[in-house]
Amino acid sequence: QGELLSLAKQCDLPVRKVEKWFRRRRNMDRPSLSKKFSEACWRFTFYIISFFTGLAVLYDKPWLWDHRECWTGYPQQPLQPSLFWYYMLELSFYWSLVFTLPFDVKRKDFKEQIVHHAATIFLISFSYCANYIRIGTLVMVIHDASDCFLEPTKIFNYMKWKKTCDSLFMIFSAVFLISRLVIYPYTVLYNTYYYSMEIFQPFFGYYFVNVLLIILQLLHVFWSCLIIHMVYKFILQGTMEKDMRSDTEESDKDEERDKIREKEKNGITYFSNVTSNGYIQRTGSAPLNNRAHLANGHAKER
């Protein structure tokens, strides 16, 4: 506030004009709607291709239907070319997300996204080196299933197709909660922690992979809490809030705070102007003049 007053004096401008100038200058650096729309379209294109690629690669693999098959013959499990290219597709995409983080739209869960990308890259890379290929493919397919519905939800939100957006959000919520809180713990976590012990004794890779998988699960729980809260609000109010998971940017929150402050200041200024005219008009009463004063927002007789 002190810097604003100083700048206002130096420029011979009202403080409000200085605040508006800084707000407009900040908004110039904010991502446009077209940028957010194109980013969502690009991610949707990848997730839909990746998900169906994973299904095409795994539909005839025995470990997709019987999870104990993930450990049959381990560690001497041959790497098929289709699995290799599927791994490269996923790994290259998550590396691209890391490289483009400074340029992408900054979202509320920015720190969680960094942890998620790092854990995913370590998990994909280490599972490839330790020949946890079968477990790795299951993890990738499960994650892509819900993301296929998240991005189109954002797309229709940017297009202002409210009903379509709300419908897709409910589908996404159901797929996310089932895949991340039910299928993932049973198919992956329980599989790596319990079934693998029946085949071989634990070694460094066993502990390292399980730690990374648990980190992913903790992130799933964090995002699930936000999604459940949004679904609860949607059921009560009949309308969806802004995406608490990752669609609301940090700058949006700042702008909302500024708008609230501006409304409050404008309301106080207006009320002050009205009360400073020497009287307050009341129905069927004379001007108050010196007979009244303002206390706690109410005109009272002295």
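**Exercise 1. Find which stretches UniProt marks as "transmembrane region", then check what the predicted model shows for two of them.**

Start with the record: the unreviewed UniProt entry puts this feature at residues 40-59, 84-103, 168-187 and 207-232. Next, turn to the model, which is predicted. Take residues 84-103: this span comes out as 80% helix and 0% strand, and its end C-alpha atoms sit 30 Å apart. Now try residues 207-232: here the chain is 100% helix, again with 0% strand, and 37 Å separates the end C-alpha atoms.

**Exercise 2. Work out how α5 and α6 are oriented to each other, and which residues they use to meet.**

First, locate the pair: α6 covers residues 110-129, while α5 runs over residues 81-99. Their axes are 10 Å apart and make an angle of about 155°. Anything over 145 degrees counts as roughly antiparallel, so that is the label for α5 and α6. As for handedness, the two cross in a left-handed way.

Now for the residues. On the α5 side you'll find F84, Y87, E90, L91, Y94, W95, L97 and V98. Facing them from α6 are H116, H117, T120, I121, I124, S125, S127 and Y128. Sort this contact by class and you get 10 nonpolar, five polar and one charged.

**Exercise 3. Do the same for α5 and α7: what is their angle, and which residues are in contact?**

Helix α7 spans residues 133-158, and its axis is 11 Å from that of α5. The angle is about 55°. Roughly parallel needs an angle under 35 degrees and roughly perpendicular starts at 65, so α5 and α7 end up oblique to each other. Their crossing is left-handed.

From α5, the residues involved are L83, Y86, Y87, E90 and Y94. They meet I133, G136, T137, M140, V141 and D144 of α7. The class count for this contact is seven nonpolar, two polar and two charged.

Put the two lists side by side: Y87, E90 and Y94 of α5 turn up in the contact with α6 and also in the one with α7.

**Exercise 4. Decide whether H143 is buried or exposed, and list its contacts beyond its sequence neighbours.**

Place the residue first: H143 belongs to helix α7. Its relative accessible area is 5%, and the cut-off for buried is under 20%, so H143 is buried. Then skip the neighbours within four places in sequence, and the contacts of H143 are H116, R180, Y184, L216 and H220. One of these, H116, also appeared on the α6 side in Exercise 2.

Key. Residues are numbered from 1 along each chain as its sequence is written. This is a predicted model: local features need pLDDT of at least 70, side-chain atom pairs count only at pLDDT 80 or more; totals for chains, interfaces and linings use all residues. Side-chain values use heavy atoms; hydrogens and water are left out. Axes are lines fitted to C-alpha atoms, for helices over the stretch in contact, and angles run from 0 to 180 degrees between N-to-C directions. Helices (H or I, at least four residues) and strands (E, at least two) are DSSP runs, numbered from the N terminus. Angles under 35 degrees count as roughly parallel, over 145 as roughly antiparallel, 65 to 115 as roughly perpendicular and the rest as oblique. A crossing is left-handed if the near helix is turned anticlockwise from the far one by less than a right angle, and right-handed if clockwise. Contact means heavy atoms within 4.5 Å. Ala, Val, Leu, Ile, Met, Phe, Trp, Tyr, Cys and Pro count as nonpolar, Asp, Glu, Lys and Arg as charged, and the others, Gly among them, as polar. UniProt positions are given in the numbering used here, feature names are shortened, and annotations may be inferred rather than shown by experiment. Buried means under 20% relative accessible area, exposed over 50%, partly exposed in between (1.4 Å probe, protein chains only).
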